[in-house]
Amino acid sequence: MTDKKPDLTTTAGKIEDLRNRLAESREPMGSEATRAAGEAGISTARQRVEALLDNDSFVETDALARHRVEDYGMGRTKPATDGVVTGYGLIDGRRVTVYSHDSSIFDGQMGEVYAEKILKIYDLAIKTGVPVIAIHDSTGGRLQEGVVTAAMSAKILRKATEASGVVPQISVVAGEVASLAALLVPVSDITVMVKDATMHLTSVSAVTKVTRRVATAKSLGGSDVHSKITNIAHLVAPTDLEAMSTVRDLVGFLPENNRAASPINESSTEPETGDLDTFIPNSDAESYDVREVITRVTDKGLMELSRGYADNIVTGFAHISGRAVGIVANQPSVLAGCLDHAAARKAARFIRVCDSFNIPIVEFVDSPGFYPSEEEEHLGSAAHGAALAFAYAEAQVGKVTVILRRAIGPSYVTMGSKDLGADIVLAWPTAQIALADATTAGEQLSVDVDEYATTTMTPYVATERGLVDIVIEPSQTRTQVLEALRLLERKVVYSIPKKHGNIPF
């Protein structure tokens with residue numbers, strides 16, 4: 001506010017008053033606080049929004065909102081925005097809604113008005129069918145406002161649940177996120193976490209007191225924890241502004257809502273595919289990086305999600321001739337491509353994200369089965385494997401499977417088999433498709449292992465039974481997958497009426 005108050009009896013004075021109020025909302029804690037944050041290398045909530053959106057496209061809502069609490073000295077401090085910047089704008093010309101916590105106001109803690117602003121953004125997104133992007137930097141609810149903040153958290157969680165599967169939800173963990181604020185992050189479809197950010201549900205002091213072991217915000221929920229252990233963080237960015245760039249890339253793969261087609265990337269390129277014919281090693285004991293196959297089939301490679309968590313399976317988005325697809329691929333260079341509980345869980349969740357937003361799924365299969373161990377059984381590998389099968393069978397988008405080498409037993413079943421719901425199954429001549437590996441089958445059937453492998457495990461046996469649609473030369477993979485995707489754009493599924501399935505968690 002300026003020292004001289006505008007004359008509110010005139011139109012010019014009223015306009016000046018509006019400009020003064022909006023200026024305050026852009027720096028609610030004052031210009032000195034903004035300058036100090038910049039010198040410390042900290043981006044403001046507004047700067048993060050502006051970095052996320054196209055230039056001059058941000059339209060702010062509720063910029064002049066203020067809390068209504070007088071108790072505990074709150075009446076003396078009523079900054080504009082009340083601690084969260086909300087509104088809508090464009091990313092590469094496509095509309096999105098956004099809210100960004102402002103940790104400079106009450107440590108980003110949520111109050112009733114703050115929550116009302118976020119609820120309005122969710123309502124707006126659901127009504128207009130556009131994505132919600134949340135930039136989290138909050139330590140929970142305001143104690144000064146009591147249990148109402150818990151109630152408002154419940155309202156936001158309910159609204160985010162209502163939006164789930166209707167519009168894409170992307171979360172960015174940009175600072176310290178704690179207590180009730182941490183509950184909202186995993187509800188989103190994809191989470192990007194800044195390297196030095198933290199997220200934990202219980203307080204550091206409570207964990208230290210109860211466990212009698214010194215805890216820190218980083219040990220409870222640093223980016224390594226959430227990218228390598230919990231899989232809550234699907235991508236990690238070095239800084240908050242680089243996280244905004246990552247979100248912009250993500251939005252390029254996603255439709256605006258569950259009834260829209262994913263955007264077409266007009267700048268698609270043709271990769272080199274010829275060397276795929278000599279790509280698979282002659283020995284099953286030799287591994288390879290499946291990302292190299294993906295690079296040769298897709299336009300510009302893979303935007304990989306959850307790298308560092310269950311790396312025996314690879315998930316992410318790509319374009320094939322400009323069409324957005326979700327990629328799920330066994331990784332032979334890790335655990336020989338075996339599935340385990342974590343890989344199954346990772347793939348199942350990604351498949352459900354793709355199916356929610358009309359993104360076809362392409363699977364590359366090379367797995368000898370589930371990893372055999374007592375620990376895996378105790379971790380519920382059967383339940384997680386069932387969840388993977390459930391997610392794939394339930395998915396209604398176009399589904400294309402490419403069997404590169406091994407598709408054995410449970411891995412054959414859960415990794416996009418024809419009878420689980422794959423629309424088109426392609427196999428390379430190197431494919432081995434069977435109930436058990438040759439050694440196991442040879443021992444149990446008392447037959448020659450090599451003879452069993454060459455007569456029973458070839459893709460042609462599966463083709464004779466209709467379990468494989470086409471056996472292709474590896475160099476034809478991109479062409480065949482693209483033709484399948486073009487066909488499946490016309491796919492229609494009529495579902496059995498029900499509330500929802502009960503996926504095994």
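Me: How much area does the chain expose, and what percentage of it do carbon and sulfur atoms supply?

Reply: This is a predicted model, in which local features need pLDDT of at least 70 and side-chain atom pairs count only at pLDDT 80 or more, whereas totals for chains, interfaces and linings use all residues. Residues are numbered from 1 along each chain as its sequence is written, and side-chain values use heavy atoms, with hydrogens and water left out. By the Shrake-Rupley method with a 1.4 Å probe, where for residues only the protein chains shown count as cover, the chain exposes about 23,600 Å². The share of this area that carbon and sulfur atoms supply is 52%.

Me: How many helices and strands does the chain have, and what is its radius of gyration?

Reply: Counting DSSP runs numbered from the N terminus, with helices being H or I of at least four residues and strands being E of at least two, the chain has 19 helices and 17 strands. The globule rule, which is 2.2 Å times the number of residues to the power 0.38, with the radius of gyration taken over C-alpha atoms, gives 23 Å for 505 residues. The chain comes close to this figure, so it is as compact as a globular protein of that length, its radius of gyration being 26 Å.

Me: What percentage of the residues is buried?

Reply: A residue is called buried under 20% relative accessible area, exposed over 50% and partly exposed in between, for a 1.4 Å probe and protein chains only. Of the 505 residues in the chain, the buried ones make up 51%.

Me: How many aromatic pairs are there, and which of them is stacked, with Phe-253 as one partner?

Reply: Rings of Phe, Tyr and Trp (its six-membered ring) pair if their centres lie within 6.5 Å, and the pair is stacked when the planes are under 30 degrees apart, edge-to-face when over 60 and tilted otherwise. This rule yields four aromatic pairs. In the stacked one, the centres are 5.6 Å apart and the planes 20 degrees apart, the two partners being Phe-253 and Phe-317.

Me: Where in the chain do Phe-253 and Phe-317 lie, and how many residues apart are they?

Reply: Phe-253 belongs to the loop between α10 (240-251) and α11 (290-297), while Phe-317 is in strand β11 (residues 313-320). Phe-253 counts as buried because its relative accessibility is 9%, and Phe-317 likewise counts as buried because its value is 0%. The pair links distant parts of the chain, the separation being 64 residues.

Me: Which residue pairs with Phe-279?

Reply: The pair is edge-to-face, at 5.2 Å centre to centre and with 75 degrees between the planes. Both partners are buried, and the one that pairs with Phe-279 is Tyr-288.

Me: Is α11 largely enclosed or not, and which residues in it are buried?

Reply: Six of the eight residues of α11 are buried, so this helix is largely enclosed by the rest of the structure. Taking contact as heavy atoms within 4.5 Å, the elements against which its buried residues pack include β10 (303-305), β11, β12 (323-330) and α19 (477-488). The buried residues are Val-290, Arg-291, Val-293, Ile-294, Arg-296 and Val-297.

Me: Which residue caps the N-terminal end of α11?

Reply: A polar contact is a pair of N or O atoms within 3.5 Å; within protein, one must be able to donate a hydrogen and the other to accept it, and residues adjacent in sequence count only if both atoms are side-chain atoms. At this helix end, a side-chain oxygen lies 2.9 Å from the backbone nitrogen of Arg-291, and the residue that supplies this oxygen is Asp-289.

Me: Which residue lies over the face of Tyr-392?

Reply: A charge sits over a ring if NZ of Lys or CZ of Arg is within 6 Å of the ring centre and within 35 degrees of the ring normal. Gly-421, in the loop between α15 (409-414) and β15 (424-427), is in contact with both Tyr-392 and Lys-399, leaving aside neighbours within four places in sequence. At 4.6 Å from the ring centre of Tyr-392, the residue over its face is Lys-399.

Me: What is the phi of Ser-321, and what is that of Ala-336?

Reply: Most residues other than glycine have a negative phi. Ser-321 lies in the loop between β11 and β12 and is partly exposed at 21%, whereas Ala-336 lies in the loop between β12 and α12 (341-356) and is partly exposed at 36%. Each has a positive phi although it is not a glycine: for Ser-321 about 50 degrees, and for Ala-336 about 60 degrees.
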